[in-house]
Amino acid sequence: MADRNVRYGAEIRKRAGKVYKKKTTKYECPACGKAAIKRTSYSKWECNSCGNKFAGGAFSFTTPSGTVSKRLVEG
Ligand SMILES: [Zn+2]
């Protein structure tokens, strides 16, 4: 009986691992309008399409106030 319980627990762990999904969030670039914004470092974001860099929140592109971040580097 004890052996059965151990195997059951292992099965649950396997299922939990399968359910886990990598979170991928794309943000729209204020400069070119394409959803190609990627976080490059802490609170810095870069557009894969046009290459513009922006300052944003640490964990999301928009700031806590909800406004779109200001531009860091021109052109
Ligand atoms: Zn862009």
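The 4 donor atoms around the zinc ion subtend angles of 106 to 116 degrees, and the arrangement is therefore tetrahedral (four donors with all angles between 85 and 135 degrees). In this predicted model, local features need pLDDT of at least 70 and side-chain atom pairs count only at pLDDT 80 or more, whereas totals for chains, interfaces and linings use all residues. Residues are numbered from 1 along each chain as its sequence is written, and side-chain values use heavy atoms, with hydrogens and water left out.

Coordination of the zinc ion is provided by the SG atoms of Cys29, Cys32, Cys47 and Cys50, at 2.2 to 2.3 Å. Donors are N, O and S atoms within 2.8 Å of the metal (3.2 Å for Na, K and Ca); water is not among the atoms, so sites may look incomplete. The spacing of the donor residues in sequence is C-x2-C-x14-C-x2-C. Cys29 counts as buried because its relative accessibility is 2%, while Cys32, at 33%, counts as partly exposed. Buried denotes under 20% relative accessible area, exposed over 50%, and partly exposed the range in between (1.4 Å probe, protein chains only).

The chain contains 1 helix and 4 strands, in the order α-β-β-β-β from the N terminus. Helices (H or I, at least four residues) and strands (E, at least two) are DSSP runs, numbered from the N terminus. Strands β1 (residues 37-41) and β2 (residues 44-47) run antiparallel and are joined by 4 bridges; two strands pair if DSSP finds at least two bridges between them. The two strands form a hairpin with 2 residues between them, and Ser43 in the turn has a positive phi of about 60 degrees. Within this pairing, Ile37 lies opposite Cys47 of β2, and Cys47 is also one of the zinc donors.

Ala35 is located in the loop between α1 (2-19) and β1. With a relative accessibility of 44%, Ala35 counts as partly exposed. Apart from neighbours within four places in sequence, Ala35 is in contact (heavy atoms within 4.5 Å) with Lys26, Tyr27 and Glu28. Ala35 and Asn48 are separated by 13 residues in sequence and by 8.7 Å in space, C-alpha to C-alpha.

Over the chain, 17% of the 75 residues count as buried. Of the contacts between residues at least 6 apart in sequence, 13% join residues at least 24 apart. The accessible surface comes to about 6400 Å², 53% of which belongs to carbon and sulfur atoms; accessible areas come from the Shrake-Rupley method with a 1.4 Å probe, and for residues only the protein chains shown count as cover.

Technical notes. Tetrahedral: all angles 85-135°; square planar, octahedral: opposite > 155°, others 65-115°.
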